[in-house]
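Me: I'm new to reading protein models, and I'd like a close look at a single part of this one. Could you take me through a hairpin and the strands that form it?

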Amino acid sequence: WNALKLLDADGEFLSDAEGKRVLELAERSDFEFPEVDALGHVLSREPFNRTHIEQVLALPLVDAEAVRKRRFKVVVDAVNSVGGIVMPELLRRLGCEVVELNCDPTGEFAHNPEPLPQNLTQISEAMVREKADVGIVVDPDVDRLALVSEDGSMFVEEYTLVAVADYILSKNPGGDTVSNLSSSRALRDVTERHGGKYSASAVGEVNVVAKMKETGAVIGGEGNGGVIYPELHYGRDALVGTALFLTWLAHKGMTMTQLRATYPSYFASKNKIELTPAIDVDKVLREIKERYAGENMNDIDGVKIDFAENWVHLRKSNTEPIIRVYTEA
C-alpha cells in the first residue's frame, strides 16, 4: 500500500472517498479493464527537474539574491536517491558551495533512509569537518527535509516546518497554518506569535491538504519535515522547503543554532506498542477518553490529549498491527 500513491488531475493525493470509489469500481463483477495498449496517452515533459527548480526560484518569497550573498556552504545527503540530482542543482542555482554525500542516484541507500538522528552520523561529522553552514537531508522521494546545524547537531525535522512557517508568516501576518495531530506544538506557538490561527488535521498528507484548503492556510505540512506551500502546489516538497529556509536564514543573518534557539524548546518521544488479537484497541481508546474527560481532547484520529505543558497522541496504525504513542513536552 505504501508503495502505491494515487494522484488526481491536480497532482494531489486522492481523498479517502475517491480512493474507495476506485476500489469499488475495480471490485465490480461487470467492470472490465481496457487492454494496456488502450490506456490513455503518453505525454513527455523533459527535463522536469529544471522546470521544478525554475518554479521554486520564481516564487516571490524565495530571495535567491539574498541567499547568494551569504554564500552558504551546504552539505547534502540524498541517500543515493533522485534527490542527488535535483538538490545540488537547486543549491548551486542559489549560489551555494555544495558538498555532496550519497548523491549518486543508484537507489542503493547508503544508510537507513529515514532521516532520523541515529541514521545521520555521517553528515553530522561532515558538517564539522567541512566547516559548513547548513546540512540538508532528504528522503528517497524528496518530499521530507531534515536539517543539520553548523555544529553537527540536528535542527530536528519537526522544526523544518516551524522555521519555514515563521518566515512565511513574517510576510503574511495573521495567516493560518495547519499540521497533523502528531506534529510539534511549536508551529501553533509561532503561528499565534504572528497573530494567526493554527489548526490540526488527522495524520496523512491528504488530510493536511484538505484542512489547509478549508482554512485557507498560507503554509502547512507535517512534523516529519514535510513542507506544503500552496503558492507552489499542495504537496510536500523538500525543494521549496530548502529555498524558503535558506531565504529566512539569509534574512536573519544568523547561524542555524542561533535560529533554532529562537523557537520554543519542545522535546518529543515517539513510541509504538505491538498489538495482539486479544487487545481491543477501540475499547482502550474509549477508556482513555473517559479517564481524561476533563482535559482538552481531540478524537478525529485516535485520541489526542492536550495538557497545559504537553500532549499525548494515541492512534492505530493504518499499515501495521501497532498503536502509536507520541508525546511532546
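Reply: Let's begin with a term: two strands pair if DSSP finds at least two bridges between them. Keep in mind, too, that this is a predicted model.

Now to the hairpin itself. Its two arms are strand E3, residues 134–138, and strand E4, which covers residues 145–148. E3 and E4 pair in the antiparallel sense, and four bridges join them, so they meet the requirement of at least two. To see the pairing residue by residue, find valine 137: across from it, in E4, stands alanine 146.

Next, follow the chain through the turn. Six residues lie between the strands of this hairpin. Valine 142 is the one to look for here, as it takes a positive phi near 55°.

Then look along E4 and see where its side chains go. Leu145 and Leu147 point one way from the strand, while Ala146 and Val148 point the other way. Are these four residues buried or exposed? All of them are buried, which means that each has under 20% relative accessible area. Ala146, then, is both the residue opposite valine 137 and one of the buried residues of E4.

For a contrast, turn to valine 22 in helix H1, residues 16–27. Valine 22 is partly exposed because its relative accessible area is 39%, a value that falls between the cut-offs of 20% and 50%. Together with Leu4 and Leu6, Val22 makes a nonpolar surface patch of about 250 Å².

Notes: Residues numbered from 1 in each chain as written. Predicted model: local features only at pLDDT ≥ 70, side-chain atom pairs only at ≥ 80, totals over all residues. Heavy atoms only, no water. Buried < 20%, exposed > 50% of the residue type's maximum accessible area, 1.4 Å probe, protein only. Patch = residues over 30% accessible without salt bridge, like charges linked within 9 Å, V, L, I, M, F, W, Y side chains within 5 Å. Areas by Shrake-Rupley, 256 points an atom, 1.4 Å probe, with all protein chains shown as cover. Salt bridge = Lys/Arg side-chain N within 4 Å of Asp/Glu carboxyl O.
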